[in-house]
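Student: I'd like to learn how to read strands, helices and burial off a model like this one. Can you walk me through it?

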Amino acid sequence: MTLFHFFNCAILTFGPHAVYYSATPLSEYDTLRTSVKAGVVYLATALVKLVCLATFLQVSETEVFDPYQEALKAMIGFIDVAGLYYALAQLTHRNISQNHKFQAVGLGWAFADSVLHRLAPLWVGARGLEFTWDYVLQGLEANANLVFTISLAALGSLMWLRKNKPKTLIPIIYTCAVIIATMPSITSYLRKVMGWHFPKVVGFELLTSLVMAFISCQLFILCQRPSL
Amino acid sequence: MADEKKSKQRHRTMVLESMYPVLALMLILVACVELCDAATVVDVYRLIQYDISGVPFGSRFSSLNHHAASISFQRGADLSRSVLILPLRELDIGFVQEYISQKQSLGGLLILLPQTFRPGNVGGGNLISETEGFRKLLAQLEKILVHGNIPFPVYFAFENEETDAMLADVKKNDALGQQATATTGGYKLVISVSEPRKVASPTITNIQGWLPGSRAEGDSNQLPTIAVVASYDTFGAAPALSVGSDSNGSGVVALLEVARLFSILFSNPKTRGRYNLLFALTSGGPYNYEGTQKWLKSLDQRMRESIDYAICLNSVGSWDNELLVHVSKPPDNAYIKQIFEGFSNVAEDLGFQVALKHKKINISNLRVAWEHEQFSRLRVTAATLSELSTPPELLESAGSLSDTRQLMSEDAIIKGVKLVAESLARHIYGHQGKDIKIFADDSSLAVNPFYVRSWLDLLSQTPRVAPFLSKNEPLIMALKKELEDYTAEVSVQHESLDGSFTFYDSTKASLNIYQVASVTFDLLLLLVLGSYLIVLFSFLVITTRGLDDLISLFRRPPSRKVKMA
């Protein structure tokens, strides 16, 4: 029975990535290579992040929200943004439209993140006899994370790759990007200071991810218009 | 064309290559995953498993992996794949009796005992009346379980919040008529232990302490000896829980205190008696006093013949007003008369009664009900002091799960110690029939209640089923050291337990309680997830490529993309 549950949770965690790839035009333009490259960049970024975290952060035994430590963590979190920038701007992508590029990068990024952070706990935990909702929630969180990453990639491509965008939109783009980039700190704050439980946090993440996706979509469309 | 193929090939190898670390990671994880993530782990104690001359008794199995069920299931339901949880508080003894005698199949039995029966739990006095009922019930249950051949694992556990919560849940499920099986979820109880193995060459250890008397000058005759004997081991339905406070922890405590008192007297040359004292802590009591027999046979012939009489102490911890002196020689025998008169005089002075009980020995009967019978069989005068009025059957009244500290009365033990010590002293110093108190309460030779209490507490926390005690068990070492403090010469004798008894190990285990989801739930979840992915797919196709694309996808059913969804 437990393998069944593992299978279910794995579908929930990794299914949306596959669906996204096959349902959108990404599959038609064969952008898998870009996604894989983004995944590799993610791995390198994760390693750098890990080294930074180990160097600068103290290991706290208790689940206490320390503002200084959290700020530091958020700063280190921006390494992600740098990695994303590298994946979007520096990697050479063979004849791929900007429109697909950010999606492919975001997809690869989110998939690598899911594999790295969720596969191992899933394999160890969801196969156990004991039933908990945790792994289902974790799968939902992976979905939210996918939406966040693609939104961030979209905003990043607006920031770094598009030259002629409406001046009035620039502050909004940056604000949204900062909000998405600091999402881990926000959820950590909710969990530790507000005392929210995991289901509530995941619900919040899903909701904000949809809102952010909507906003970035609108921004993307608004930026697209003058260039048309 | 060829170029495209090549690029595809390269593409595929690259994907595969990127999968290798993931695969390696998974393999490593598979190798080191230990599935011990249960929400609750409870210590459980297995019912004893033993053979007498090859005839099997007790619980014959040990490992368990079944769903939990409670007593409120519908009668006649098949329980062969369920673990029945029986709290002692609601136990229907008739049901158990019937179930076991009919040899119905059962996945397992888990008996929940109230916390008061936990060894070492001193407990509050206000609960005594409540526990008295449970005590009787538990004794009955033990009798059924110990003397039955039970073809499923039986475990004892103590109630706690987690087991209570589980039981409440299971009961609710059962009351609704849905028995917890693989399809309805519920609780799964898992005990993973290896097959029980025979205890290889179980040993019984006897400890003997020798306190020599002083010979009168010019007297070359050997001094007579008085032996005080108690068996220290016990028996019970669960070897890891059998502490036998009364049987025979109380006898051991009394013996140690008597030894302590006489060591004070004998350490002073002026008060050293004209008798040797021999203290023996024997093992194998529940098995026809086998340790006593082996110890006696190994004694030096002259030493054995020098024994004037022996006093065996057995269950002296919970009596009120009357203690019994069990003998196997007729009461009008001169020696018996002398011993009994010694006891009854002292008892009269102390304000209680002793009664003489005679039981003839039947040599052809292998059952040895009292420890003194082993002495009598070798023609040594002996008597057993006990609160039990009837000779116990094999493996009965020899410790039990209900035989715990709360039932003990320190006063009873102290009275027993006074009785033995005073009558011995009167005999040794030749004051028979005189009303003198050598061990008066406020003298330096008074019985020390703290000493009695501390030893009683220790013994009431230490399981002492002989086959499961090693040669160097801390308890045996402690008893040896204690006797070394009070006597001049201590020797320890290891003997192997008679071959007709075979015991099996794995007496203690951990029970993992898992709350499991049912298959229907998993199917339902799969359905929900599948529809979620299909909706997501449709949504993405419509928003990025338009509705027509989606419809065209469905016009070609064997499409790869639909499958991927």
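Tutor: Let's begin with vocabulary: strands here are DSSP runs of E, at least two residues long, numbered from the N terminus. With that in hand, B:Ser386 can be placed in strand β16 of chain B. Keep in mind that this is a predicted model.

Student: Is B:Ser386 buried or exposed?

Tutor: The cut-off for buried is under 20% relative accessible area. B:Ser386 has a value of 0%, so it counts as buried.

Student: Which residues is B:Ser386 in contact with, leaving aside its neighbours within four places in sequence?

Tutor: B:Asn314, B:Ser315, B:Val316, B:Leu323, B:Leu324, B:His326 and B:Trp370. Nearer in sequence, the side chain of B:Ser386 reaches the backbone nitrogen of B:Leu388 at 2.9 Å.

Student: Now zoom out. In what order do the strands of the sheet with β16 run?

Tutor: To read a sheet, follow the pairing from strand to strand. Here it goes β15-β14-β16-β13-β11-β12-β10-β17 in chain B, eight strands in an open sheet with mixed pairing. The edges are β15 (353–358) and β17 (489–496), each of which pairs on one side only. From one strand to the next, the twist averages 20 degrees.

Student: How many bridges join β10 to β12 in chain B?

Tutor: Five, between residues 203–211 and residues 276–282, and the two strands run antiparallel. For one partner pair, pick B:Ile207, which is matched with B:Leu281 in β12(B).

Student: Which helices lie across strands of this sheet?

Tutor: Look at which strands a helix lies across, then at the angle. Helix α8 (residues 334–350) of chain B lies across β13, β14, β15 and β16, at about 155 degrees to β15(B). Helix α10 (residues 410–428) of chain B lies across β11, β12, β13, β14, β15 and β16, and its angle to β13(B) is about 170 degrees.

Student: What about side chains on the two faces of a strand?

Tutor: In a regular strand, side chains alternate between the two faces of the sheet. Try that on strand β8 (residues 154–158) of chain B, where five of five residues are buried. B:Val154, B:Phe156 and B:Phe158 are on one side, with B:Tyr155 and B:Ala157 on the other, and both faces are covered.

Student: Which strands does β8(B) pair with, and in what sense?

Tutor: β1 (residues 40–46) of chain B pairs with β8(B) in the antiparallel sense over two bridges, and B:Tyr45 has B:Phe156 as its partner. β6 (residues 108–113) of chain B runs parallel to β8(B), joined by five bridges. There, B:Leu109 stands opposite B:Val154.

Student: Last one: why does the span of helix α13 agree with its residue count?

Tutor: Multiply the rise by one less than the number of residues. At 1.5 Å a residue, the 27 residues of α13 (519–545) of chain B should span 39 Å, and the end C-alpha atoms are 38 Å apart, so the two agree. Buried residues in α13(B) include B:Leu525, B:Leu529, B:Phe537 and B:Arg545. After the helix comes B:Gly546, with a positive phi near 100 degrees.

Student: What does UniProt place at residues 523–547 of chain B?

Tutor: The unreviewed UniProt entry puts the feature "transmembrane region" there. In the model, that stretch is 96% helix and 0% strand, with its end C-alpha atoms 30 Å apart.

Technical notes. Residues numbered from 1 in each chain as written. Chains lettered and ligands numbered in written order. Predicted model: local features only at pLDDT ≥ 70, side-chain atom pairs only at ≥ 80, totals over all residues. Heavy atoms only, no water. Pairing = 2+ DSSP bridges. Helix = DSSP H or I, 4+ residues; strand = E, 2+ residues; numbered from the N terminus. Axes fitted to C-alpha atoms, helices over the stretch in contact; angles between N-to-C directions. Contact = heavy atoms within 4.5 Å. UniProt positions renumbered as here; feature names shortened; annotations may be inferred. Buried < 20%, exposed > 50% of the residue type's maximum accessible area, 1.4 Å probe, protein only. Polar contact = N/O pair within 3.5 Å; in protein donor to acceptor, adjacent residues only side chain to side chain.
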